[in-house]
Amino acid sequence: MEFRKDKNGTDLSILGYGCMRFTKKGSSIDLNKAQREIMTAYKAGVNYFDTAYIYPGSEAALGAIVAKNKIRDKIKIATKLPQYMITSRKAIDKYFNEELGRLRTDYIDYYLMHHLTDKAMWDKLKAIGIEKWIKEKKASGQIKNIGFSYHGNSDNFKKILDDYDWDFCQIQYNYLDEVTQAGVEGLKAAAERGIPVIIMEPLRGGKLVNMLPEKAKRIMASSDRGWTAPEWAFRWLWNQPEVTVVLSGMNSVQMVKENVKIASSAKVGDFTAKDFALIERVKKAISENEKVGCTGCRYCMPCPKGVDIPGTFRAYNTMYTESKKDGRFQYAQTVGLTKEPAFATQCVGCGKCERHCPQSIPIRVMLKEADKALRPIPYKVGINVVRKFMFRKPKKKRG
């Protein structure tokens, strides 16, 4: 197993165990199966295990397995505060203490503010007193490292990075997401600030394996590398020195063994010019079904009315390269769930964006088309409901 350092010089396995996708047995997690998988990973050198409050049964399962096998002091546990459910300082303690109980531990190695999409979410937590709370928990040893997981755009990501002395962060990133969400811009921004980056969705939820077009599969098979689709994705990530840990939601012993094998030899600088060219060909094959030829260069930005033009087009393309559901979810998550909405309907047709677009895309026309497809009435209603919940005002502190 290869290892990389965190901010304090601690060795972390470059392969982390994502505990969101444990196999279910009926309505509960199959604890025996999960134990076999976790212990196989642990014995192979994996020492970073990631879970969250809202992953059904995940924290409790991990806690039970770790306690039974007496490995708590030999691994690092990461879990997350459900910040979207927080409206008071009292609630922070409630959820944190519940997580400690589920995990059967008295400290968390890596604690994250879960699913930030906008700096406004962090500001809401600050208004409640999260900074003082973190300071107290770190002083007591109940939290060793503090970070956040992120699903918004790169601009808001950098604002959050610069607003606190973070120990680490977690982003969605893979060879299709270089200009999506925090993207490569966010990855490098974190590295420049000395902040380790944990990667989630390295395979886009399995889509870079199970939903690859046949043409993309043939391109990979033509290489003399002999790498599988997951191996190409993992090695592309581990080739980058800014990447600290890559999480994988492993739910079979075989998958654990395959990923460990890759992680035991992947190093920075392994990729050749020929390898990078192959990935570009694969990306092109995947993008052949796209509706808009947007490269995410962001020359069209900023929009005077706040429209996230590249974010809208990326989600619109996802509807056709992956599925309608995935595209609409991405649009809601990265465009709709920011403090100041960035919907395509905010466009007033000034045309400034089109004058700067290297691809000569008829942006004003395509924005209308994209929004209509991405936000049918049920999605409009759903996004509005979630927005009211996520951006409700915190309770005022007494005294």
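**Strands, a helix and a pocket in a predicted model**

Strand S9 (143–150) is mostly covered, with 7 of its 8 residues buried. Here, buried means under 20% relative accessible area and exposed means over 50%, with partly exposed in between (1.4 Å probe, protein chains only). Helices (H or I, at least four residues) and strands (E, at least two) are DSSP runs, numbered from the N terminus. This is a predicted model, so local features need pLDDT of at least 70 and side-chain atom pairs count only at pLDDT 80 or more, while totals for chains, interfaces and linings use all residues. Residues are numbered from 1 along each chain as its sequence is written, and side-chain values use heavy atoms, with hydrogens and water left out.

S9 has a partner in S8, and the two pair in the parallel sense over 6 bridges. Two strands are said to pair if DSSP finds at least two bridges between them. In this pairing, Ile 108 stands opposite Ile 143 of S9. S9 also pairs with S10, again in the parallel sense, this time over 4 bridges. There, Tyr 150 sits opposite Ile 171 of S10.

Next comes helix H3, which runs over residues 89–103. Its 15 residues reach 22 Å from the first C-alpha to the last, close to the 21 Å expected at 1.5 Å a residue; the expected span is 1.5 Å times one less than the number of residues. Buried residues in H3 are Ala 91, Ile 92, Tyr 95, Phe 96, Glu 99, Leu 100 and Leu 103. What covers them includes helix H2 (58–69), strand S7 (76–81), strand S8 (108–116), helix H4 (119–128), helix H5 (130–140) and S9.

Leu 100 makes a handy close-up of H3. Leu 100 counts as buried because its relative accessible area is 9%. Setting aside neighbours within four places in sequence, Leu 100 is in contact with Thr 105, Asp 106, Tyr 107, Ile 108 and Gln 142, where contact means heavy atoms within 4.5 Å. Glu 59 is 41 residues away from Leu 100 along the chain, and their C-alpha atoms are separated by 9.0 Å.

Right after H3 comes Arg 104, in the loop between H3 and S8. The phi of Arg 104 is near 55 degrees, a positive value in a residue other than glycine. Arg 104 counts as exposed because its relative accessibility is 57%. Lys 70, in the loop between H2 and S7, has a positive phi of about 55 degrees although it is not a glycine. Lys 70 is exposed too, with a relative accessible area of 66%.

A lysine can also be covered up, and Lys 119 in helix H4 shows it. Lys 119 is buried because its relative accessible area is 18%. Leaving out neighbours within four places in sequence, Lys 119 is in contact with Asn 156, Lys 159, Ile 160 and Asp 163.

Another buried spot involves Met 250, found in the loop between strand S12 (243–248) and helix H11 (253–263). Met 250 counts as buried because its relative accessibility is 0%. Not counting residues up to four places away in sequence, Met 250 touches Leu 15, Gly 16, Tyr 17, Gly 18, Glu 37, Met 255, Val 256 and Asn 259. Met 250 and Phe 22 are 228 residues apart in sequence, yet 7.6 Å apart in space, C-alpha to C-alpha.

Leu 15, Gly 16, Tyr 17 and Gly 18 belong to strand S3 (residues 15–18) and all are buried. Leu 15 and Tyr 17 point one way from S3, while Gly 16 and Gly 18 point the other way. S3 pairs with S12 in the parallel sense over 3 bridges, with Leu 15 opposite Val 246. S3 and strand S6 (residues 48–50) also pair in the parallel sense, over 2 bridges, and there Tyr 17 stands opposite Phe 49.

Finally, the model has pockets to look at. The largest pocket has a volume of about 1100 Å³. A pocket, on a 1 Å grid over the protein atoms alone, is an open set of points where a 1.4 Å probe fits, with protein on both sides within 12 Å along at least five of seven lines, and lining residues have an atom within 4 Å of a point. Grid points are joined across faces, edges and corners, and the volume is the space filled by probe spheres set on the points. The largest pocket is lined by 41 residues, with Met 20, Arg 21, Glu 201, Arg 204 and Gly 205 nearest its centre. Helix H14 (324–336) gives the most to this lining, with 5 residues.
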